[in-house]
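Open the model in your viewer and keep the selection box handy. We will go from stop to stop, and at each one you will get something to select and something to look for.

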Amino acid sequence: MTPPLTNIDLLPHNTLALPGHAARYLRVTEPAQLAVPELAGEKRFVLGGGSNLVLTGDFPGLVLHMAIPGKRLLKEDAEAWYVEAGAGENWHDFVQWTLAQGWPGLENLSLIPGTVGAAPIQNIGAYGLEVGERLHSVTAWNFEKQAFFEVHRSDCRFAYRDSVFKQEGWHVDGHIAIVSVVFRLPKAWQANCRYADVAQELDARGVAQPTARDIAEAVIAVRRRKLPDPAVTPNAGSFFHNPVVAAEIADALKVAHPTLPCYPQPDGRVKLAAGWLIEQAGWKGKALGPVGMYEKQALVLVNRGGATGADVKRTMAAVQADVQQRFGVALTPEPIFL
């Protein structure tokens, strides 16, 4: 088995392009590489596409860069296709591949950066769909028990940008590493174009009865208009969670700010649009040193060149303080800080 490399530059491996080195680094292309007892005793961090990461400096342990490839139809029944993908597969490429095979269901999640293995941890979501709604099971390696194990959807405890993998700290502290994911794609497909941006894009294209491919293309077009390309403007996508507050708090805010977008949740609470709050607090297009909020979408934090993790933290704190002062609402960052 190839031994880990030492003192590896992590700047190319995080989409915010922040500086930092890993004391040890192992690119994992097959699950068997994890089944080495020596790895169990090391301080570890499991890295995917680096699109949900704020690198705050050097990491003194072992970075396991998950690059396990592979995608296949595992099985099908009368109701659904069950599609398996390796943790290292690029998420967007995987979604487009499923559509090309005639297996719809993930189209609303097109163009989300990152890898398949990271998708269930964050329970990624966009335009009316969360990945937990399509997930069947996850296979992972447990370093402490030195064994592979499976987590079914019913045990994933999915919530808004949350899962058992985050709740238990399994992934962040390197306790486990996801190696593959199985998705259940229902054969009774229905178009999901409830979000106004997607519906408007379809209307502009003259599409009245959209296919899954039509929706994917609409989502891609909307995202490209709103969000910066990390290869051009380093960023980590949406930087803050949309805050979820009690209904009475939302009602009071709505009275004071009638244009505030509010989304009632099944539990009676209300989700607020973080991007709107940040924009109203004056941060859209505003920067603090080399880090600022994107001029086309205030929810996206960008590195305008040469930023460090400390610069990101400083801008994040300033945005949080201004939103808290103006609206009394706390913003929580989405990315993991390493």
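Two strands count as a pair if DSSP finds at least two bridges between them. Keep in mind as you look around that this is a predicted model.

**Stop 1: a hairpin**

Select residues 71-76, which form strand S6, and residues 80-86, which form strand S7. The two strands run antiparallel and are joined by 5 bridges. To see one pairing up close, pick Arg 72: its bridge partner in S7 is Glu 84. The connection from S6 to S7 is a hairpin of 3 residues. Strands of a sheet pair through backbone hydrogen bonds, either parallel or antiparallel.

**Stop 2: helix H2**

Now select residues 91-100, helix H2. Because 8 of its 10 residues are buried, H2 is largely enclosed by the rest of the structure. Show the side chains of Trp 91, His 92, Phe 94, Val 95, Gln 96, Trp 97, Thr 98 and Leu 99, which are the buried ones. What do the buried residues of H2 pack against? Colour S6 and S7 from the previous stop, then add helix H3 (119-122), strand S12 (176-186) and helix H6: these are the packing partners.

**Stop 3: a network of charges**

H6 takes us to the next stop. Select Glu 201, Arg 205, Glu 217 and Arg 225, and show their side chains; salt bridges that share partners join these four into one network.

Begin with Glu 201 and Arg 205, whose closest N and O atoms are 2.7 Å apart in a salt bridge. Is Glu 201 buried or exposed? Glu 201 has a relative accessible area of 10%, so it counts as buried, the cut-off being under 20%. Arg 205, at 39%, counts as partly exposed.

Next, move to Arg 225, which also forms a salt bridge with Glu 201, with 2.9 Å between the closest N and O atoms. This pair links distant parts of the chain: Arg 225 sits in helix H6 (residues 212-226) and Glu 201 in helix H5 (residues 196-204), 24 residues apart. Arg 225 is partly exposed, with a relative accessible area of 48%.

Finish with Glu 217 and Arg 205, a salt bridge at 3.8 Å from N to O. Glu 217 lies in H6 and Arg 205 in the loop between H5 and H6, so this contact ties together parts that are 12 residues apart in sequence. Glu 217 is partly exposed too, at 36%. If you would like to hunt for others, the model has a count of 16 salt bridges.

**Stop 4: the nonpolar cores**

Hide the charges and select Phe 240, Leu 272, Leu 277, Ile 278, Val 319, Val 323 and Leu 331. These have the most contacts inside the largest nonpolar core, which has 43 residues. Helix H9 (residues 309-327) gives the largest share of this core, 5 residues.

Centre the view on Leu 277. Beyond its neighbours within four places in sequence, Leu 277 is in contact with Pro 243, Leu 260, Leu 272, Val 323, Phe 327, Val 329 and Leu 331. A second, separate core has 38 residues, including Ala 126, Phe 165, Leu 185 and Leu 202.

**Stop 5: along helix H9**

Select H9 by itself. Its 19 residues should span 27 Å at 1.5 Å a residue, and the C-alpha atoms at its ends are 27 Å apart, which agrees. Which residues of H9 are buried? Highlight Gly 309, Asp 311, Val 312, Thr 315, Met 316, Val 319, Val 323 and Phe 327. They cover an arc of only 155° around the axis, so they lie on the same side of H9. An α-helix has 3.6 residues a turn, so residues three or four places apart point the same way.

Zoom in on Thr 315, which is buried at 0% relative accessibility. Not counting residues up to four places away in sequence, Thr 315 touches Trp 283, Leu 288, Val 291, Gly 292 and Leu 301. Just after H9, check the backbone of Gly 328, where phi is positive, at about 70°.

**Stop 6: an open sheet**

Two of those Thr 315 contacts, Leu 288 and Val 291, lead to the last stop. Leu 288 has Val 291 in S18 as its bridge partner. Strand S17 (287-288) is joined to strand S18 (residues 291-293) by 2 bridges, and the two run antiparallel. Widen the selection to the open sheet of 4 strands, in the order S13-S19-S18-S17, with antiparallel pairing. The edge strands are S13 (235-238) and S17, and each pairs on one side only.

Conventions. Residues are numbered from 1 along each chain as its sequence is written. This is a predicted model: local features need pLDDT of at least 70, side-chain atom pairs count only at pLDDT 80 or more; totals for chains, interfaces and linings use all residues. Side-chain values use heavy atoms; hydrogens and water are left out. Buried means under 20% relative accessible area, exposed over 50%, partly exposed in between (1.4 Å probe, protein chains only). A nonpolar core is a set of buried Ala, Val, Leu, Ile, Met, Phe, Trp, Tyr and Cys residues joined through side-chain atoms within 4.5 Å. Contact means heavy atoms within 4.5 Å. The expected span of a helix is 1.5 Å times one less than its number of residues. The arc is that of the directions from the helix axis to the C-beta atoms.
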